[in-house]
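Here are a few short exercises to work through with the model open beside you. Try each task before reading its solution.

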Amino acid sequence: MNLQMPFGSHPLYPCTEEEKLAIRKEVGIKDNILQEDIDSILDWFYKEPHLADAFIDRDYVERMLVATRCSREKCKKKINNFYRYRSCAPELVQTRIKELSNPDYDPWLFYSQAAMLKLFNGKRISVFKVTDADPGNFHSDIVFKITILLGELRLKYDYMLGDIWILDLLNASIGHVLRINLTLAQKFARILQDGTGIKLYDIHIVNASSLSQHLVNLFKPFVKSKIMERIRFHESIEELQKVIPKQYLPKDFGGDQPSLDEFKELYKTEIQKPLSKDYLIKCCQQISNEEKRIGEKYNEDYLMGSFKKLDLD
């Protein structure tokens with residue numbers, strides 16, 4: 001599949017110059033001081049003992065400034081959290097070094113995910129779908145790892161106000177839910193909601209059933225309430241199309257965007273390209289050294305509540 005790339009953007013995450021200017025205007029970025037803002041953030045970063053030896057990229061800093069509406073202090077906080085929470089989740093970040101060394105690496109054997117090519121009012125729509133109905137083949141750690149990995153490409157190349165997620169539960173069952181690793185789920189949630197800075201505007205759960213509530217209950221203890229309030233349930237694809245036009249949906253949902261299988265092949269190719277692969281390996285260094293942090297130390301003893309008391313009913 002041959003993708004056409006708007007000027008200055010990545011073919012997997014297209015953003016026209018007009019859309020980019022509109023996004024910058026919306027969040028208050030001023031072109032004449034943007035580089036100064038980035039320089040200021042980098043100057044702060046390299047003066048922090050727990051961050052100084054870590055990898056950071058100017059494009060990433062710009063995306064974080066967009067996510068924090070050009071607030072230098074909020075941007076610093078998000079970056080600090082991003083590196084901090086990743087340092088406590090090596091099983092979600094560091095394993096890719098070995099995995100990407102396999103040219104045939106394919107993590108999408110039991111599920112599909114894709115970020116649509118067309119922005120919807122400045123927002124990027126991401127679709128997740130379980131494709132294998134056998135719970136025994138479901139591995140939540142892979143879903144978390146790959147979402148973080150693709151997220152790193154987006155934090156370098158994508159330009160958007162935030163995300164809209166669509167979760168298709170057609171092939172999912174309670175068996176899939178019970179195989180979700182709760183410890184990794186919380187680490188994943190911390191990285192996304194407190195670290196990446198990307199605003200999640202809506203979560204649409206499609207082919208909703210009683211299973212939907214089980215899934216919501218699973219994540220409720222460690223996902224912010226304001227995000228939980230943005231969840232919408234749809235019994236069918238047709239119902240979803242009433243709020244998201246077909247032109248922003250994949251072929252699988254009766255839309256005009258590439259199919260989830262086509263996206264899978266695009267991603268398999270992309271993560272093996274030398275430029276992307278090298279960058280994703282470098283991103284393994286986007287971690288803090290908590291031993292060098294001045295002030296409050298951080299460790300993994302942050303789990304909220306008791307998973308033993310988690311109610312899925």
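**Exercise 1. Place isoleucine 203 in the fold, and decide whether it is buried or exposed.**

Solution. Start with the secondary structure: isoleucine 203 belongs to strand β4, which spans residues 199-206. Keep in mind that you are looking at a predicted model. Next, take the accessibility. Its relative accessible area is 8%, and the cut-off for buried is under 20%, so isoleucine 203 is buried. Now look at its neighbours: leaving aside residues up to four places away in sequence, isoleucine 203 touches Trp165, Leu167, Ile227, Arg230, Ile231 and Arg232. Finally, try a distance. Proline 221 is 18 residues from isoleucine 203 in sequence, and their C-alpha atoms lie 17 Å apart.

**Exercise 2. Find which residue forms a salt bridge with lysine 47, and work out how the two are placed in their helix.**

Solution. The partner is aspartate 43, and the closest N and O atoms are 3.2 Å apart. That is inside the 4 Å limit for a salt bridge. Both residues sit in helix α2 (residues 31-47); because they are four residues apart there, about one helical turn separates them. Then compare the surroundings: lysine 47 has 60% relative accessibility and counts as exposed, while aspartate 43, at 41%, is partly exposed.

**Exercise 3. Describe the salt bridge between arginine 96 and glutamate 152: where does each residue lie, and is each one buried or exposed?**

Solution. The N to O distance in this salt bridge is 2.3 Å. Arginine 96 is in helix α6 (residues 96-99) and glutamate 152 in helix α7 (residues 140-157), so the pair, 56 residues apart, links distant parts of the chain. For accessibility, arginine 96 comes out at 3%, which is buried, and glutamate 152 is buried too, at 2%.

**Exercise 4. Work out which parts of the chain the salt bridge of lysine 264 and aspartate 106 ties together.**

Solution. First the pair itself: the two side chains meet at 3.2 Å, N to O. Lysine 264 lies in helix α13 (residues 260-270), whereas aspartate 106 is in the loop between α6 and β1 (111-115), so the bridge ties together parts that are 158 residues apart in sequence. Both lysine 264 and aspartate 106 are buried.

**Exercise 5. Put the pairs into the wider picture: how many salt bridges are there, and which residues form a network?**

Solution. The count comes to 26 salt bridges. Arg124, Arg154, Asp158 and Asp163 are linked in a network of them. As a general reminder, side chains of opposite charge can pair when their charged atoms come close. For the charges of the chain as a whole, the mean positions of the 46 positive and 46 negative ones are 4 Å apart.

**Exercise 6. Decide whether the chain is as compact as a globular protein of its length.**

Solution. Begin with the parts: the chain has 14 helices and five strands. Its radius of gyration is 19 Å, close to the 20 Å that the globule rule gives for 313 residues, so the chain is as compact as a globular protein of that length. Two further values fill in the picture. Buried residues make up 55% of the 313 residues. Among contacts with a separation of 6 or more, 79% come from residues 24 or more positions apart.

Technical notes: Residues are numbered from 1 along each chain as its sequence is written. This is a predicted model: local features need pLDDT of at least 70, side-chain atom pairs count only at pLDDT 80 or more; totals for chains, interfaces and linings use all residues. Side-chain values use heavy atoms; hydrogens and water are left out. Buried means under 20% relative accessible area, exposed over 50%, partly exposed in between (1.4 Å probe, protein chains only). The radius of gyration is taken over C-alpha atoms; the globule rule is 2.2 Å times the number of residues to the power 0.38. Contact means heavy atoms within 4.5 Å. Lys and Arg count as positive and Asp and Glu as negative; His and the chain ends are not counted. The place of a charge is taken as NZ of Lys, CZ of Arg, CG of Asp or CD of Glu.
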